[in-house]
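Here is a friendly walk through a protein model and the ligand that comes with it. Have the viewer open as you read.

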Amino acid sequence: MKDLEVQEQPVPFMVFAHWLHEHTSKSRSNYTGACVLSTVGMDGYPNARNVSIKLLEYPYLIFGTPINSLKSIEIKASKKVALTFWWEESMRQIRIQGIASELDEETADFVFEKRNKGSQVVSLISEQGANLPSWEILQERYRVMFNELKDERIERPEHWKGFKVEPIRYEFMEFRKTRLHYRRVFHKKKDGWEMKMIQP
Ligand SMILES: Cc1cc2nc3c(=O)[nH]c(=O)nc-3n(C[C@H](O)[C@H](O)[C@H](O)COP(=O)(O)O)c2cc1C
């Protein structure tokens, strides 16, 4: 009898990490970790905006954000989120659904350290999503604070943290000019990942 041929299934996290690495090396963008984060809004509407994935720590995809932002409030109410990536240079789309949970202090510090000075200063002077009575006052606060801290190490403010997303479903799509796109879906089961191909 012919030996049974066992074909290892790829672990989707590794496929994601590999595709992200290829994208980062090909792309001229400064925001290669950018993706659309969709949350369930408090009014039941989906709510979507870009965030930047700053760290991969198996099995998590990690981004930073103020803990009192709208997205954070929505995640506290429903931990089910989606992340959507489109990388034109490699003609690839990745869709992820998963469960988000708040970062611990140490990881939040690490992610904050990776932010550039301007972003760090904004985290200090701006309450993301709150009403803004005067653009000029905010601009002036930014200017003053930036000059004051430009050569200093900025500590992460307490309200700035972030989330780690543990995927339960991945879809990898190789976009083809013919529109005969190649789609693979990975679904997390108790004993591993189930993989299937789906039609374009
Ligand atoms: C490319 C790109 C990357 C972004 N990355 C982040 C991020 O990592 N964290 C964040 O809080 N906001 C990020 N933003 C801003 C968000 O899209 C959004 O405006 C902000 O977080 C407020 O969203 P919310 O009111 O739904 O909480 C990014 C925007 C863009 C265009």
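## A bare helix, then the rest

Helix α5 is hardly covered: among its 15 residues, the count of buried residues is 0. This helix runs over residues 135-149 and reaches 21 Å from its first C-alpha to its last, close to the 21 Å expected at 1.5 Å a residue. Please keep in mind that the model is a predicted one.

Beyond α5, in the loop that leads on to β7, you will find Glu 158. Is Glu 158 buried or exposed? Glu 158 counts as exposed, because it has 9 C-beta neighbours inside 10 Å. The C-alpha atom of Glu 158 is separated by 8.8 Å from that of Ile 67, although the two residues are 91 apart along the chain.

## The overall picture

The protein has 5 helices and 9 strands. Read from the N terminus, the order of elements is α-β-β-β-β-α-β-β-α-α-α-β-β-β. The C-alpha trace spans about 75 × 35 × 35 Å along its principal axes. Of the 200 residues in the protein, 24% are buried. Among contacts with a separation of 6 or more, 58% are between residues 24 or more positions apart.

## Around the ligand

How many residues surround the ligand? There are 14, and the closest are Asn 50, Thr 65, Ser 69, Leu 70 and Lys 71. Three elements give two or more residues to this shell: β2 (46-52), β4 (60-66) and α2 (70-77). The largest share comes from β2, with 4 residues. Sorted by class, the shell holds 7 polar, 5 nonpolar and 2 charged residues.

## The nonpolar core

The largest nonpolar core has 28 residues, and Ile 62, Leu 83 and Val 165 have the most contacts inside it. At least two core residues each come from α1 (12-26), β1 (34-40), β4, β5 (80-87), β6 (92-102), α3 (105-113) and β7 (160-174). Which element gives the most to this core? That is β7, with 5 residues.

Ile 62 is a good residue to click on. Leaving aside residues up to four places away in sequence, Ile 62 touches Ile 53, Lys 54, Leu 55, Glu 57, Leu 103, Thr 107, Val 111, Gly 162 and Lys 164.

## Two helices with a buried side

Start with α1, whose 15 residues should span 21 Å at 1.5 Å a residue; its end C-alpha atoms are 21 Å apart, which agrees. Pro 12, Phe 16 and Leu 20 are buried in α1. These three lie on the same side of α1, because they cover an arc of only 70° around the axis. Met 14, His 18, His 21 and Ser 25 are exposed on the other side of α1. The buried residues of α1 pack against β6, β7, β8 (182-189) and β9 (192-198).

Now turn to α3, where the buried residues are Ala 108, Val 111 and Phe 112. Seen down the axis of α3, they fall within an arc of 100°, so they line one face of the helix. Their packing partners are β3 (55-57), β4, α4 (117-125) and β7. Val 111, one of these buried residues, is also among the residues that Ile 62 touches.

## Backbone details worth a look

Most residues other than glycine have a negative phi, and most peptide bonds are trans. Two residues here have a positive phi although neither is a glycine, Met 91 and Arg 179. The table sets them side by side.

| Residue | Phi | Loop | C-beta neighbours within 10 Å | Exposure |
|---|---|---|---|---|
| Met 91 | about 55° | between β5 and β6 | 13 | partly exposed |
| Arg 179 | about 75° | between β7 and β8 | 7 | exposed |

Where does Pro 59 lie? Pro 59 is in the loop between β3 and β4. The peptide bond from Tyr 58 to Pro 59 is cis, with omega near 0°.

How values were computed
Residues are numbered from 1 along each chain as its sequence is written. This is a predicted model: local features need pLDDT of at least 70, side-chain atom pairs count only at pLDDT 80 or more; totals for chains, interfaces and linings use all residues. A residue is near a molecule or strand if its C-beta atom, placed from the backbone, lies within 6 Å of it. Ala, Val, Leu, Ile, Met, Phe, Trp, Tyr, Cys and Pro count as nonpolar, Asp, Glu, Lys and Arg as charged, and the others, Gly among them, as polar. A nonpolar core is a set of buried Ala, Val, Leu, Ile, Met, Phe, Trp, Tyr and Cys residues joined through C-beta atoms within 7 Å. A residue is buried if 20 or more other C-beta atoms lie within 10 Å of its own, exposed if 12 or fewer, and partly exposed in between; C-beta atoms are placed from the backbone. Two residues are in contact if their C-beta atoms, placed from the backbone, lie within 7 Å. The expected span of a helix is 1.5 Å times one less than its number of residues. The arc is that of the directions from the helix axis to the C-beta atoms.
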